[in-house]
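Here is a short report on a ligand site. It covers what surrounds the ligand, which polar contacts hold distances worth listing, and where the site lies.

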Amino acid sequence: MNVKSAVVAVALLSMFGTIAHAATVTVSCGAQGQEFEICKQDVDAWAKKTGHIVRLYTPPASTTDMLAQFRQMFAAKSSDLDVLLVDVIWPGIIKDHLTDLGKYSKGAEKEHFPAIIANNTVDGKLLAMPLYTDAGLLYYRKDLLDKYKLKVPATWDEMAAAARKIQDGERGAGSKDFQGFVFQAKAYEGLSCDAVEWLASFGGGSIVDPGGKVTVNNPKAVLALNTAASWIGSIAPSGVLNYGEDEARGVFQSGKAAFMRNWPYAWSLAQGADSPVRNKIGVAPLPRGGADGRHAGTLGGWQLAVSKYSKNPDAAADLVMYLTSKEVQKKRAIVGSFKPTIVSLYQDKEVMAANPFFASLLDVFANSVPRPSTVTGPKYPAVSEAFWNATHDVLAGKATAEDALKRLEGRLNQIKRGGW
Ligand code: GLC
């Protein structure tokens with residue numbers, strides 16, 4: 001505790017005699033975009049209100065690295081972290097290390113989307129409170145579609161053709177490093193999200209079906225991966241093989257790409273006062289895989305939980321309830337375009353005005369595609385890793401989609417051995 005916060009805590013203690021003691025709570029806010037900054041403001045406001053002391057922990061930006069770090073801490077029963085972010089795919093994986101928030105929530109969970117609360121409830125225990133929800137989106141440059149007389153693409157082929165036309169035109173006009181399309185293709189969870197969209201958009205299933213059968217080796221999945229592979233080095237730089245969300249956003253936001261696949265958080269940043277693409281962008285559903293395909297955005301999102309090893313679970317839970325409250329979710333939606341999980345915020349004029357696509361893309365969000373994390377439970381990380389590695393090999397030209405998916409099927413059945 002630094003001297004200043006100690007003094008503030010003592011002063012508050014004497015003002016509000018009800019606080020038994022000022023606890024120190026360490027919280028892991030996100031690290032992507034402006035997530036850390038926004039979280040810091042909210043956490044500081046809570047500290048001021050309660051007299052508790054907060055320490056901020058900066059996690060790695062990638063969900064894959066974050067999970068690895070948290071699992072190490074859990075294995076050591078470390079009390080270093082009290083409050084942590086939980087990806088929508090994790091409750092089944094880290095359930096043994098989280099505190100049941102049921103006794104703290106006072107029914108607040110009823111305000112949130114029931115499907116997310118169900119996802120966060122394991123064996124009757126409410127292990128995390130929803131902070132925001134996510135779905136994959138197609139960002140495009142409105143001004144460039146107008147300039148080249150193009151429509152918002154409805155299929156991947158239309159997207160690739162438009163990206164090619166704009167890229168050729170812009171490069172010809174002197175913007176030598178202009179790109180048609182940027183997305184996430186680093187070997188990590190973000191690539192699994194993008195590839196789940198490609199598969200679903202072509203009718204190629206969801207890797208493992210809800211009944212637990214490995215379905216990934218099918219002709220439509222082959223077509224989906226071949227389509228994505230055809231973009232590398234043509235409309236997308238080969239550098240995408242190393243891009244996460246923020247790398248793709250960096251290129252798009254600096255005005256160097258026509259299209260981008262990303263999550264809602266990119267909206268508020270690309271629309272920021274100093275953004276070169278401010279008021280030049282639009283958001284659409286991700287393209288369909290051909291005329292018979294569908295628009296598919298992967299379901300993502302984050303929750304907040306209290307570590308079972310926390311020495312201050314009461315204060316930590318109070319912070320979680322505050323950060324996931326209507327007031328804070330509203331602010332986060334307006335400032336950071338984080339999609340609320342509290343249903344009534346979709347009736348809030350300020351929230352909806354700041355994020356016009358919340359209303360215009362209702363279908364995308366209502367029909368977002370889950371990853372097979374529920375059916376594969378604790379084995380999901382192994383499933384996803386095998387899937388992103390196979391996909392990365394195809395995109396990098398190291399394997400054909402046919403071979404990679406056949407091998408992946410074998411590997412997934414191996415992982416499944418003994419059941420999911
Ligand atoms: C976003 C999503 C999360 C997903 C991650 C992949 O943060 O909300 O669910 O796992 O991206 O990079």
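## The ligand shell

The shell around the ligand is made up of five nonpolar, four polar and five charged residues. The model is a predicted one. In total, 14 residues surround the ligand. The closest of them are D87, D134, E245, G301 and R371.

Three of these residues have polar contacts to list. In each row the partner is an oxygen atom of the ligand.

| Residue | Protein atom | Distance to a ligand oxygen atom |
|---|---|---|
| D134 | side-chain N or O | 2.5 Å |
| R371 | polar side-chain atom | 2.8 Å |
| G301 | backbone N or O | 2.9 Å |

So much for single contacts; next comes the cover. Taken alone, the ligand exposes 310 Å². The protein buries 96% of that area. The ligand also takes up the space of the largest cavity.

Which elements each supply at least two residues of the shell? They include helix α9 (189–201) and strand β11 (299–306).

Where does the ligand lie with respect to domain 1 and domain 2? Domain 1 spans 3–127 + 300–364, and domain 2 spans 137–298 + 370–416. Both give residues to the shell, so the ligand lies between them.

Key:
Residues are numbered from 1 along each chain as its sequence is written. This is a predicted model: local features need pLDDT of at least 70, side-chain atom pairs count only at pLDDT 80 or more; totals for chains, interfaces and linings use all residues. Side-chain values use heavy atoms; hydrogens and water are left out. A residue is near a molecule or strand if one of its heavy atoms lies within 4 Å of it. A polar contact is a pair of N or O atoms within 3.5 Å; within protein, one must be able to donate a hydrogen and the other to accept it, and residues adjacent in sequence count only if both atoms are side-chain atoms. Accessible areas come from the Shrake-Rupley method with a 1.4 Å probe; for residues, only the protein chains shown count as cover. On a 1 Å grid over the protein atoms alone, a cavity is a set of points where a 1.4 Å probe fits but cannot get out, and a pocket is an open set with protein on both sides within 12 Å along at least five of seven lines; lining residues have an atom within 4 Å of a point. A molecule sits in a cavity or pocket if more than half of its atoms lie within 2 Å of its grid points. Helices (H or I, at least four residues) and strands (E, at least two) are DSSP runs, numbered from the N terminus. Ala, Val, Leu, Ile, Met, Phe, Trp, Tyr, Cys and Pro count as nonpolar, Asp, Glu, Lys and Arg as charged, and the others, Gly among them, as polar. Domain bounds come from an automatic or database domain assignment.
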